[in-house]
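Please open the model in your viewer and keep the sequence panel beside it. The tour below moves from one selection to the next and says what is to be found at each stop.

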Amino acid sequence: MQSFADEKDDDISDGASFMRTFHTHEENAEWLKKVEEKYGDKLDKLLGNDYLVERVIDALRARNRCCEIFSTVDAHLEMYEKYSMATLLETPLKNEAILKQYWPVYMGGSDKYGHPVFYDDLLSMNLHKVVQVFAKSANGHDLSDDQIEHEPYHHHANDDDKLFDFCSKFRIKFYMQMAEYKRMQSEKFKTIIFKHVLVMDLSNFSYYKVASHSAMYFKIAKMVLQREQLLYPQTVHKIYLINCPWTFTLVW
């Protein structure tokens, strides 16, 4: 496995280089002006997400999908209200400590360029227990480890929307915390940092567990992770998969 220390300077495409190249594309500048004219002060809500509008424009322009720029900004503003992002960082989630226990997401330092290292156990978590914990929390139930381990739980598809919304709120709060850390790193390194390194530890990966809950995995990927990609585009610097068992390698 390549270590963080093995990275080369010419591999880096950080926020500073992004902003240097953004305005070299005339179409980017034209769309930025259109967005600012259309939305005006409404864009102030999105300023905490560094250069979000520029990243949205650049990503869609590069894919020849400029016709989606306005609708994407609309979706950002809708999610800002839906997930109460103005106060989300200061608002405890129901059973938040237990949520983190069953779906571990955390930061562990940074690489030598200042990018935070983000650990996500998405592919190794016990999905049945995650659904149980998040669904019950979304419905306002208090939980204990003893309840989770011993009480039977059967998820109903009718609860999917509430479950996915609560999962999204949990993940978005973490991304907002990471964005705050990136701003601190930007000041420390005297540059613009809005990317991170993603590490996925597969030591507890089970092909059987994934296969037996494949429908729910796909739903989470579609409903939850797509929202993250929409809110935080172009923020992954590198991805590392570690402790991969042969079963994962076979699937990959």
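## Stop one: the sheet

Begin by selecting strand 3 (residues 196–201) together with strand 4, which run parallel and are joined by six bridges. Before going further, please keep in mind that this is a predicted model. Within this pair of strands, centre the view on His-196, which stands opposite Val-236 in strand 4, and then move along to Val-199, whose bridge partner in strand 4 is Tyr-240. If you colour strand 3 by accessibility, you should find it mostly covered, with five of its six residues buried.

Next, add strand 2 to the selection, where the pairing with strand 3 is again in the parallel sense and extends over three bridges. Here Phe-118 stands opposite Leu-198 in strand 3, and Phe-118 is worth keeping highlighted for the next stop.

Now widen the selection to the whole sheet, which is open, has four strands in the order 1-2-3-4, and shows mixed pairing. Its edges are formed by strand 1 (105–110) and strand 4, each of which pairs on one side only. Looking across the sheet, you will see that neighbouring strands are turned by 25 degrees against each other on average, direction ignored. Helix 8 can then be displayed as well, since this helix packs on the sheet and touches strand 1, strand 2 and strand 3, its direction making about 15 degrees with that of strand 1.

## Stop two: aromatic rings

With the sheet and helix 8 still on screen, turn to the aromatic side chains, among which a search of the whole structure finds 13 aromatic pairs. In one of these, the ring centres of Phe-118 and Phe-174 are 4.8 Å apart and the planes stand at 40 degrees, so the pair is tilted. Because Phe-118 lies in strand 2 (residues 116–120) and Phe-174 in helix 8 (residues 160–189), this pair ties together parts that are 56 residues apart in sequence. Are these two rings buried or exposed? Phe-118 is buried, with a relative accessible area of 1%, and Phe-174 also counts as buried, at 7% relative accessibility.

Move next to Tyr-175 and select Tyr-232 with it: the two form a stacked aromatic pair, with 5.1 Å from centre to centre and 25 degrees between the planes. Tyr-175 lies in helix 8, whereas Tyr-232 lies in the loop between helix 10 (214–231) and strand 4 (236–242), so the pair ties together parts that are 57 residues apart in sequence. Tyr-175 counts as buried at 11% relative accessibility, and Tyr-232 counts as buried at 9%.

For a grouping beyond a pair, select Trp-103, Phe-134, Phe-166 and Phe-170, which form one aromatic cluster.

## Stop three: charges over rings

Two further selections combine a basic side chain with a ring. Show Lys-38 with Phe-70, where the lysine lies over the face of the ring at 5.2 Å from the ring centre. Then show Arg-55 with Phe-194, where the charged end of the arginine sits over the ring, 4.6 Å from its centre.

## Stop four: two asparagines and a tryptophan

For the backbone, select Asn-95, which has a positive phi of about 60 degrees although it is not a glycine. Asn-95 is found in the loop between helix 4 (69–82) and helix 5 (96–102), and counts as buried at 14% relative accessibility. Then go to Asn-243, a residue other than glycine whose phi is likewise positive, near 55 degrees. Its place is in the loop between strand 4 and helix 11 (246–251), and at 48% relative accessibility Asn-243 counts as partly exposed.

Finally, step on to helix 11, in which Trp-246 lies. Is Trp-246 buried or exposed? At 66% relative accessibility, Trp-246 counts as exposed. To end the tour, draw a distance from Trp-246 to Tyr-207, which are 39 residues apart along the chain and whose C-alpha atoms are separated by 9.9 Å.

Notes. Residues are numbered from 1 along each chain as its sequence is written. This is a predicted model: local features need pLDDT of at least 70, side-chain atom pairs count only at pLDDT 80 or more; totals for chains, interfaces and linings use all residues. Side-chain values use heavy atoms; hydrogens and water are left out. Rings of Phe, Tyr and Trp (its six-membered ring) pair if their centres lie within 6.5 Å; planes under 30 degrees apart count as stacked, over 60 as edge-to-face and the rest as tilted. Buried means under 20% relative accessible area, exposed over 50%, partly exposed in between (1.4 Å probe, protein chains only). A charge sits over a ring if NZ of Lys or CZ of Arg is within 6 Å of the ring centre and within 35 degrees of the ring normal. Two strands pair if DSSP finds at least two bridges between them. Axes are lines fitted to C-alpha atoms, for helices over the stretch in contact, and angles run from 0 to 180 degrees between N-to-C directions. Contact means heavy atoms within 4.5 Å.
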